[in-house]
Amino acid sequence: MITKETFNTSVGDITLLTITNSSGASATLSTLGAGIVAVRVPDRHGRLDDVVLGYADPADYMADGPCAGKVPGRYANRIARGHFSIDGKEYTLAINNGPNALHGGPTGFQNRLWTLISATADSVTLGYTSADGEEGYPGRLDVTATYTFDDNCTLRLDLQAVTDAKTVINLTNHAYWNLGGHASGSVLGHTLQLNASRYLPTDDTLIPVGEPAAVAGTPMDFTTAHEIGRDIKADFPALRYGKGYDNCWVIDGNGSLNEAAVLVDEHSGRRLTVATTQPGVQVYTGNWLEGCPAGKDGATYHDYDGVAIECQAFPDAPNRHDFPSTLLEPGKEYRQTIEFRFDNK
């Protein structure tokens with residue numbers, strides 16, 4: 001079942017669409033930034049709670065610092081110093097994160113009103129057309145984001161795009177998860193396991209440097225599940241640079257849909273398993289949530305109250321020919337999938 005509600009706001013008309021499955025669990029999507037604004041799933045006792053951080057006012061998602069729940073683009077994550085080249089031609093982007101370009105720029109896809117293309121009982125397809133030259137990127141890009149929420153409490157996101165000129169693209173979803181309930185406080189007690197034996201070391205502006213490095217023997221090792229907060233204050237470069245985790249791991253496996261992460265809240269019993277076709281997963285522990293817009297249900301969010309698990313291509317890949325390519329050419333189709341599978345233990 002799907003319900004729809006439209007709000008006339010200062011940033012335009014925003015439509016929220018809620019897919020409810022046969023057990024009463026639900027996922028709510030927004031046309032602003034193609035965002036996930038609520039996911040209500042049961043704990044081990046069958047009690048439903050909303051496990052996505054989000055705002056009381058649908059318009060507050062526009063240009064918010066945390067990029068809560070939305071689809072950033074045209075290039076999620078960072079491009080070093082806002083420069084890249086295609087076939088010898090240089091392109092310059094807005095600098096909006098230290099010396100680098102982040103999430104497609106100040107008016108990236110996350111800060112656009114997407115068009116509702118279709119809605120069925122269990123799915124929503126949203127679309128956006130990015131003009132040639134928008135935020136400095138070449139080529140017109142036509143993008144769709146299709147969300148499906150099924151009776152097994154799997155929220156699937158299928159991302160597709162085509163272009164009329166060579167361009168770069170990297171799309172993900174930036175939801176912040178708190179499996180105890182969005183207003184339940186810190187997630188540092190959640191356990192996390194990553195299907196990743198390597199991560200990307202960075203400089204102090206979070207641009208990858210050198211080759212992927214083994215996680216073994218470092219605070220970046222989540223190959224065995226443990227509490228997120230166990231090592232978060234360790235004296236380790238990656239943790240000092242970001243005031244916590246804000247790093248990309250290289251997903252192990254060569255299947256069509258690889259498991260990337262398993263997040264568990266032992267108190268509620270809720271478990272989130274994330275699978276994807278993407279090569280990397282950026283884990284961001286909400287290190288700078290303080291001062292974000294007022295939360296749903298009267299909540300006030302603080303640093304580390306949510307964790308983003310962003311399946312994506314590697315940061316700065318347009319400038320790293322040794323990384324999986326993010327180039328999209330005319331006649332080709334960009335297709336990536338992320339699945340968020342909820343159950344309890």
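Okay, let's start with a definition: two strands pair if DSSP finds at least two bridges between them. Strands themselves are DSSP runs of E with at least two residues, numbered from the N terminus, and helices are runs of H or I with at least four. As a general point, strands of a sheet pair through backbone hydrogen bonds, either parallel or antiparallel.

Now a word on where this comes from. What you see is a predicted model, where local features need pLDDT of at least 70 and side-chain atom pairs count only at pLDDT 80 or more, while totals for chains, interfaces and linings use all residues. Residues are numbered from 1 along each chain as its sequence is written, and side-chain values use heavy atoms, with hydrogens and water left out.

So, the sheets. One is an open sheet of nine strands, and if you walk across you meet them in the order 10-11-12-13-26-22-21-16-19, with antiparallel pairing. At the edges stand strand 10 (115-119) and strand 19 (226-227); each has a single partner strand, so one side of each is left without a neighbour in the sheet.

Let's look at some pairs in there. Strand 11 (residues 123-130) and strand 12 (residues 141-149) run antiparallel and are joined by eight bridges. One spot to find on your screen is serine 123, which stands opposite threonine 148 in strand 12.

Further along we get to strand 22, and I'd like to stay there a moment. Is strand 22 largely enclosed or not, and why? Six of its seven residues are buried, so the rest of the structure largely encloses strand 22. Buried means under 20% relative accessible area, exposed means over 50%, and partly exposed is in between, using a 1.4 Å probe and protein chains only.

Strand 22 has a partner on each side that we can check. Six bridges connect strand 22 to strand 21 (residues 258-264), running antiparallel, and here leucine 263 faces leucine 272 in strand 22. These two strands make a hairpin with five residues between them, where glycine 269 takes a positive phi near 85°. Toward strand 26, seven bridges do the joining, again antiparallel, and leucine 272 stands opposite phenylalanine 342.

There's another open sheet, this one with six strands in the order 15-24-23-20-17-18, paired antiparallel. Its edges are strand 15 (176-177) and strand 18 (213-214), each with a single partner, so one side of each has no neighbour in the sheet. Inside, strand 20 (residues 246-250) and strand 23 share five bridges, and tryptophan 249 has valine 281 as its bridge partner.

Last topic: salt bridges. A salt bridge here is a side-chain nitrogen of Lys or Arg within 4 Å of a carboxyl oxygen of Asp or Glu, and the structure holds 17 of them.

Which residue meets lysine 296 in a salt bridge? That's aspartate 50, at 2.6 Å from N to O. The two are 246 residues apart, with lysine 296 in the loop between strand 23 (280-284) and strand 24 (307-312), and aspartate 50 in strand 5 (residues 48-50). Lysine 296 counts as buried at 11% relative accessibility, and aspartate 50 does too, at 6%.

Back in the nine-strand sheet, aspartate 343 and arginine 271 form a salt bridge at 2.9 Å. Aspartate 343 sits in strand 26 (residues 334-344) and arginine 271 in strand 22 (residues 270-276), so the pair ties together parts 72 residues apart in sequence. Aspartate 343 is partly exposed at 34%, and arginine 271 is partly exposed at 25%.
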